[in-house]
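Here are my notes for your read-through. Please keep the model open beside them and check each point as you go.

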Amino acid sequence: MTQRVLVTAGAGGIGLAIARVFAADGAAVHVADVDAKAVDELVRADPRISGSVLDIADAAAVARLAEDVRQKLGGLDVLVNNAGVAGPTAAVADYPEEAWASVIGVNLNGTFNVTKAFIPMLKASKQASIVIMSSVAGRFGYPNRCAYATSKWGLVGFAKTLSMELGPLGITCNTVHPGAVEGPRIQRVLEGRAEASGRSVDEEVELALANQSIKAFVDPRDIAELVRFLAGPHARSISGQSFPIDGDSKSTQ
Ligand SMILES: NC(=O)c1ccc[n+]([C@@H]2O[C@H](COP(=O)([O-])OP(=O)(O)OC[C@H]3O[C@@H](n4cnc5c(N)ncnc54)[C@H](O)[C@@H]3O)[C@@H](O)[C@H]2O)c1
């Protein structure tokens, strides 16, 4: 069976690693991403991947996405709700209302929009799975990132509810909780911290990993392999669960 897979925010970062792992496995993959240039480059480079350009917070655009996926893939077996934004860094007392609305709008409302739109296709599949990208911030509090932490915990409740509603139909739903992920983004964050603190980048790396048992950032390909397993034939009895992949983090900081 060729798996038909939708990855939101699949044209960059962790989502791109997920799209590539499924495509390498022979799946038909569609990505939904707000970055038109990245989508265009990806679908040109890889004939196994198609794409739509949209913001998942836009419900009307998500309805069009469902049409695109029906046209390109003819249905859906695996929904990877990966899109999520971090929002600004500020204490709750100072957190801007519009930033709260925008983080919740993408991370919670967007994930709801996409999931609701694709449930009919997943019900028609012989082996369907939903995987939702939460975070280490969906396991611990996260000072100065209230909207992000709230949304990532909210997704756990959403996934647990979906697993109960859809489990009787054989559809699984789980959350994945990455810690700090390797790549240019964390590199920029660490360089910024080093500049502000006067410490070296290596010292900032050590500090960033101080709350983890395993002293390394997470490889996005490892997250992709975990998602592929959760959507695969050997995970049919795994649902309503949360999977940290974070070097055994003890906190967000
Ligand atoms: N990077 C990390 O360290 C980390 C850690 C834990 C959890 N996560 C979670 O993993 C997921 C992916 O994170 P990432 O770091 O790969 O993201 P990223 O910031 O690298 O962005 C990946 C892609 O998301 C797209 N995107 C952003 N907003 C979108 C929207 N509203 N609609 C559609 N596409 C959108 C971007 O265009 C980009 O191509 C997010 O849910 C994030 O919260 C990331």
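1. Strands S5 and S6 pair in the parallel sense, with five bridges between them. Within this pair, Ser129 stands opposite Thr172 in S6. The chain goes from S5 through H5 to S6, and this β-α-β crossover is right-handed. Keep in mind that this is a predicted model.

2. How many residues of strand S6 are buried? S6 covers residues 172–178, and seven of its seven residues are buried. In a regular strand, side chains alternate between the two faces of the sheet. Both faces of S6 are covered. On one side sit Thr172, Asn174, Val176 and Pro178, all buried. On the other sit Cys173, Thr175 and His177, also buried.

3. S6 has a further pairing, with S7. Four bridges join S6 and S7, and these strands run parallel. The bridge partner of His177 in S7 is Pro244. His177 is also one of the buried residues of S6.

4. Strands S2 (residues 28–33) and S3 (residues 49–53) are parallel too, joined by five bridges. Ala32 has Ser52 as its bridge partner in S3. Helix H2 (residues 36–45) completes the unit: S2, H2 and S3 form a right-handed β-α-β arrangement.

5. Look at two residues of S3 side by side. Ile49 is found in strand S3, and so is Ser50. Is Ile49 buried or exposed? Ile49 counts as buried because it has 25 C-beta neighbours inside 10 Å. Ser50 has 19 other C-beta atoms within 10 Å, so Ser50 is partly exposed. The cut-off for buried is 20 or more.

6. The surroundings of Ile49 come next. Leaving out residues up to four places away in sequence, Ile49 touches Ala19, Ala23, Val29, Val31, Leu42 and Val43. Ile49 and Val31 are 18 residues apart along the chain, yet their C-alpha atoms are separated by 7.3 Å.

7. Now Ser50. With residues up to four places away in sequence left out, Ser50 touches His30, Val43 and Lys72. Ser50 and Val29 are 21 residues apart in sequence, and their C-alpha atoms are 6.4 Å apart.

8. Ala24 is found in helix H1. It is partly exposed because 13 other C-beta atoms lie within 10 Å. Ala24 and Arg48 are 24 residues apart in sequence, and C-alpha to C-alpha they are 8.7 Å apart in space.

9. Which residues touch the most other members of the largest nonpolar core? They are Val5, Leu6, Ile18, Val29, Val31, Val80 and Val227, in a core of 69 residues. H5 gives the largest share of this core, nine residues. Val5 shows what such a position contacts. Neighbours within four places in sequence aside, Val5 is in contact with Phe22, Ala27, Ala28, Val29, Asp77, Val78 and Val80.

10. The ligand has 26 residues around it, and Ala9, Gly12, Gly13, Asp35 and Gly84 come nearest. By class, this shell holds 14 nonpolar, eight polar and four charged residues. Helix H1 (13–24) and helix H4 (97–124) each supply at least two shell residues. H1 gives the most, with three residues.

11. Two backbone angles deserve a look. Most residues other than glycine have a negative phi. Asn144 has a positive phi, near 70 degrees. Asn144 lies in the loop between strand S5 (129–133) and helix H5 (146–166). It counts as partly exposed because it has 16 C-beta neighbours inside 10 Å.

12. The second positive value belongs to Asp248, with phi near 65 degrees. Asp248 lies in the segment after strand S7 (242–245). Is Asp248 buried or exposed? With 10 C-beta neighbours inside 10 Å, it counts as exposed. The cut-off for exposed is 12 or fewer.

Methods
Residues numbered from 1 in each chain as written. Predicted model: local features only at pLDDT ≥ 70, side-chain atom pairs only at ≥ 80, totals over all residues. Near = placed C-beta within 6 Å. Nonpolar A, V, L, I, M, F, W, Y, C, P; charged D, E, K, R; others polar. Pairing = 2+ DSSP bridges. Right-handed = clockwise from strand over helix to strand, strands pointing away. Core = buried A, V, L, I, M, F, W, Y, C linked by C-beta atoms within 7 Å. Contact = placed C-beta atoms within 7 Å.
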